[in-house]
Amino acid sequence: MSEVTSAWLAGVLALALVVHIAWLARASRNRASAALAADTVSIRTIVTDAVDVSDGTAGVITWAGSWTGQRVQIRTIVDTLATRKLPARWLSVSITEPVAVPATFDMMMRPGSPTTFSNFDHLDHTLPKVAGFPAEAVLRTDRKGVSFPQDIIAGHLELFAEGRAKELLITPKGVRIVWLLAEAERARYGVFRQAEFGATGIDPNLIARLLTAASALRDAINQSERQAA
């Protein structure tokens, strides 16, 4: 084979590779657009006035709206920070209404590597747990010496027995629950380092469950505070 022929074949192969990579990129964008549209439909099944308020952060989509007269926020986060683990797609559901707590209360299940969805690792003070909290849970706050209605909180943790609930965050501004939607496909991530999650969408029933749980906990805390006053 002559040098000219070899160079020609190398050029053809290089061009084919570029075209294939471009095709993969476009196919990935098309899948992402379709998935976003499907997620929006699912969310609006429960939060009928939800609008996309995303700020452009890579891997993060945020919707805001109202549910049963309360302001809420729904967010999906693709987390690729965790070392030695597959990338994960998280669902964050928040009631963004006042809660009668004196500071930030953050319960993280099985904390390990830093995450992109939480400031848990930046909270300086670890709280002791009362009976009723999961053994795998760690509690932290941003203020030393404050107390929280842990007995009430412990009575609203049924979701955390299922293994997919990751974080419960309570602040004076609201209640948030973070749930594991899916982990990336191992084969594709291992070869191409692409975080693909297949056909995993957002189940409207899951959104309703998480909102109901967050709302019930907020109501219980606020009612207890009113009674104490």
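This report describes the fold of one protein chain and then looks at several of its residues.

## Overall picture

The structure is a predicted model, and its secondary structure comes to 4 helices and 9 strands. Followed along the sequence, these elements appear in the pattern α-β-β-β-β-β-β-β-α-β-β-α-α. The protein has 229 residues, of which 40% count as buried, and it exposes about 12800 Å², with carbon and sulfur atoms supplying 56% of that area. If one takes the contacts in the protein with a separation of 6 or more, residues 24 or more positions apart account for 58% of them.

## The sheet

The 9 strands form an open sheet with antiparallel pairing, and their order across the sheet is S1-S2-S3-S4-S9-S8-S5-S7-S6. At the edges stand strand S1 (51–52) and strand S6 (125–127), each of which pairs on one side only. Inside this order, strand S3 (residues 70–79) and strand S4 (residues 88–95) run antiparallel and are joined by 8 bridges; to take one bridge, Gln 73 has Ser 94 in S4 as its partner.

Helix H4 packs on the sheet, where it touches strand S2 (60–67), S3, S4, strand S8 (165–171) and strand S9 (174–183), and the direction of H4 makes about 155 degrees with that of S9.

## Helix H4

Helix H4 covers residues 204–228, and its length can be checked with a short calculation: at 1.5 Å a residue, its 25 residues should span 36 Å, and the end C-alpha atoms are indeed 36 Å apart, so the two values agree. The N-terminal end of H4 is capped by Asp 203, a side-chain oxygen of which lies 2.9 Å from the backbone nitrogen of Asn 205.

Which residues of H4 are buried? They are Leu 206, Ile 207, Leu 210, Leu 211, Ala 214, Ser 215, Leu 217, Arg 218, Ala 220, Ile 221 and Asn 222. When reading such a list, it helps to remember that an α-helix has 3.6 residues a turn, so residues three or four places apart point the same way.

## Two residues with positive phi

Two loop residues deserve a careful look at their backbone angles. Thr 68, in the loop between S2 and S3, has a phi near 50 degrees, which is a positive value in a residue other than glycine. Arg 110, found in the loop between strand S5 (105–109) and S6, likewise is not a glycine and has a positive phi of about 45 degrees. Thr 68 is exposed, with a relative accessible area of 59%, whereas Arg 110 counts as partly exposed at 38% relative accessibility.

## Three buried residues in strands

The table sets out three strand residues with their relative accessible areas.

| Residue | Strand | Relative accessible area |
|---|---|---|
| Thr 171 | S8 | 17%, buried |
| Lys 166 | S8 | 12%, buried |
| Thr 141 | S7 | 1%, buried |

Each of them counts as buried because buried means under 20% relative accessible area. Thr 171, leaving aside its neighbours within four places in sequence, is in contact with Val 99, Val 101, Ala 103 and Thr 104.

With the neighbours within four places again left aside, Lys 166 is in contact with Trp 90, Met 107, Met 108, Met 109, Arg 110, Pro 111, Phe 117, Phe 160 and Val 178. One of these partners, Met 109, also takes part in a polar contact, for its backbone oxygen lies 2.7 Å from a polar atom of the Lys 166 side chain. Arg 110, described above for its positive phi, is among the contacts of Lys 166 as well.

Where does Thr 141 lie? Its place is in strand S7 (residues 137–141), and its contacts beyond four places in sequence are Ala 103, Thr 104, Leu 123, Asp 124, His 125, Leu 127, Val 146 and Phe 148. Of these, Leu 127 is 14 residues apart from Thr 141 in sequence, while the two C-alpha atoms are 7.1 Å apart in space. The side chain of Thr 141 has a polar atom 2.6 Å from the backbone oxygen of Thr 104, and this side chain also reaches the backbone nitrogen of Arg 143 at 3.4 Å.

Conventions:
Residues are numbered from 1 along each chain as its sequence is written. This is a predicted model: local features need pLDDT of at least 70, side-chain atom pairs count only at pLDDT 80 or more; totals for chains, interfaces and linings use all residues. Side-chain values use heavy atoms; hydrogens and water are left out. The expected span of a helix is 1.5 Å times one less than its number of residues. Buried means under 20% relative accessible area, exposed over 50%, partly exposed in between (1.4 Å probe, protein chains only). A polar contact is a pair of N or O atoms within 3.5 Å; within protein, one must be able to donate a hydrogen and the other to accept it, and residues adjacent in sequence count only if both atoms are side-chain atoms. Contact means heavy atoms within 4.5 Å. Accessible areas come from the Shrake-Rupley method with a 1.4 Å probe; for residues, only the protein chains shown count as cover. Two strands pair if DSSP finds at least two bridges between them. Axes are lines fitted to C-alpha atoms, for helices over the stretch in contact, and angles run from 0 to 180 degrees between N-to-C directions.
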